[in-house]
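Q: Please take a close look at the aromatic ring pairs in this structure. Place them in the chain as a whole, and then turn to the backbone around them.

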Amino acid sequence: MQQERNCLITNDVETTSILNHMLRDETGRYVRDEGMPRLLDLYDRYGVRATFFYTGHIATLYPEVVRMAHERGHEVGSHGLTHEVGKAFDIMPPDEQLAHLRQSKKILEDITGEEVISFRAPAARVDKRFPEVLREAGFKVDSSVSSQRLDMMFSFGALKKLHWLTAPRKAYFAGSGNIFRKGDSDILELPISAFGFPYIGTFMRIAPALNRATRRLLHGETLCTGRQFVFLTHPNEFIDEERVTTEVQRRASNFIGYLLGDVLRHRLKVRNLGAAALPIYERELDFFRREQYSFITCKDMYNKLKP
C-alpha cells in the first residue's frame, strides 16, 4: 500500500533582521515589499498552500503582510506576540504565556476575520506543559517540536530542546502535561522535519547539498512510514536588506551561548540571503511537485487527523 505524501510548507513571519542580527521594525517593511511577494509568487507557480505564522508585532506594524497571504488562500497562524529573546515561551510563566497567545490570536483574527488555530513558538521554544495553555487560549495545532534534530546547542533554550531527541517523528496528539510525548490532549503536534540536521530554510541556504541529502533521507522515511514533511522558512530570508551595523548583538547570558548562539550562528545564517535563496528554494519545491506530494496547511492536517 502506497503511503500518503504530504508536505507542509510553513513560514515564520517576524521583524528579525538576519543581516544585522537584531529585531528591527524596518525589516518588516522589507518583508512586506520583497520577502512576502517573492514567496507568494513562488508558491503560486508550484501550487503550494502554505501556513504563515505571524508575530503579533509585525501584524500590528504591517497588517497587509497578513492579508496578502490570507487573500491567496494560505493559512494564517500565530508566532506569538514578539520574537524578543526575553519573552520566549519556555521561560514565561503560564499566565503570561496565555496572555501572549490570546493577544496574538486576536490581532490576527481581527485582520482576517477567521479563526486562528495553529501556533509555532518563536525559536521553537516551549515547555512540557504548553499544551494546556494552548488549549485554554483556543489553539488546536502546534509546530514547535523538531524530532531528532541535533543542532540545538546553536540556539537558545537548548536544554529544553533536548526533549526533541525522543519526540515522535510523525504528527501526534500531545500529552496534556508533556508536549514532547503522545497523549490524550486535543493539541496536534506537527514536528518540524529533521534527520539529525534540520530541514529548514536556514540550513538550506547554509549547506544546499547537505540539505538535499537530508531531504532524500526524509523522503525515504516518508515512503516507508507516511511521515509528513514540515519545512520551515522565513520571508526575511528572501530580502535584500541594507547592513546598518557590523556588531553582533549579544543576547545570550553566558559566553559560550554568545559564541555559539550569536556569533557563530550569525556568520552561518547570512549565507545565500535574499534573491540568491530563491533558486535554491525552488529546487526543493520542484522535488515535491515531481514526487507528487500534496501541499497542505497545518489546519488541513488537523482536519485529517482530528478524532
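A: The radius of gyration is taken over C-alpha atoms, and the globule rule is 2.2 Å times the number of residues to the power 0.38. For the 307 residues here, that rule puts a compact globule near 19 Å, and the protein chain has 18 Å, so the two agree. The model is predicted: local features need pLDDT of at least 70 and side-chain atom pairs count only at pLDDT 80 or more, while totals for chains, interfaces and linings use all residues. Residues are numbered from 1 along each chain as its sequence is written, and side-chain values use heavy atoms, with hydrogens and water left out.

Along the principal axes, the C-alpha trace of the protein chain spans about 55 × 45 × 40 Å. The protein chain contains 11 helices and 14 strands (DSSP runs numbered from the N terminus: helices are H or I with at least four residues, strands E with at least two). Of its 307 residues, 58% count as buried (under 20% relative accessible area; exposed is over 50%, partly exposed in between; 1.4 Å probe, protein chains only). Among contacts (heavy atoms within 4.5 Å) with a separation of 6 or more, 73% join residues 24 or more positions apart.

Now the rings. Rings of Phe, Tyr and Trp (its six-membered ring) pair if their centres lie within 6.5 Å; planes under 30 degrees apart are stacked, over 60 edge-to-face, and the rest tilted. The count by this rule is 18 aromatic pairs. One of them joins F229 and Y293, whose centres are 5.5 Å apart and whose planes meet at 85 degrees, an edge-to-face arrangement. This pair links distant parts of the chain, 64 residues apart: F229 belongs to strand β13 (residues 229–233), and Y293 to the loop between α10 (277–290) and β14 (294–295). Both F229 and Y293 are buried. F288 and F295 also form a pair, with 6.4 Å between ring centres and 75 degrees between planes, so this one is edge-to-face. F288 and F295 are both buried.

These four rings belong to a cluster linked by ring pairs, made up of Y43, F52, Y54, Y199, F229, F231, F238, Y281, F287, F288, Y293 and F295. The ring of F287 also has the charged end of R215 over it, 4.1 Å from its centre (NZ of Lys or CZ of Arg within 6 Å of the ring centre and within 35 degrees of the ring normal). A second such arrangement places R169 over the face of F195, 5.4 Å from the ring centre.

The backbone comes next, beginning with helix α4. The buried residues of α4 are Q97, L98, H100, L101, S104, K105, I107, L108, I111 and T112. They pack against β4 (51–54), α2 (56–61), α3 (64–70), β5 (75–78), β6 (118–119) and α5 (130–137). Just after α4, G113 has a positive phi of about 75 degrees.

Positive phi also occurs at A123, a residue other than glycine, with a value near 60 degrees. A123 is in the loop between β6 and α5 and is partly exposed, with a relative accessible area of 38%. Another residue other than glycine, N272, has a positive phi near 55 degrees. N272 is placed in the loop between α9 (255–269) and α10, where it is partly exposed at 28% relative accessible area.
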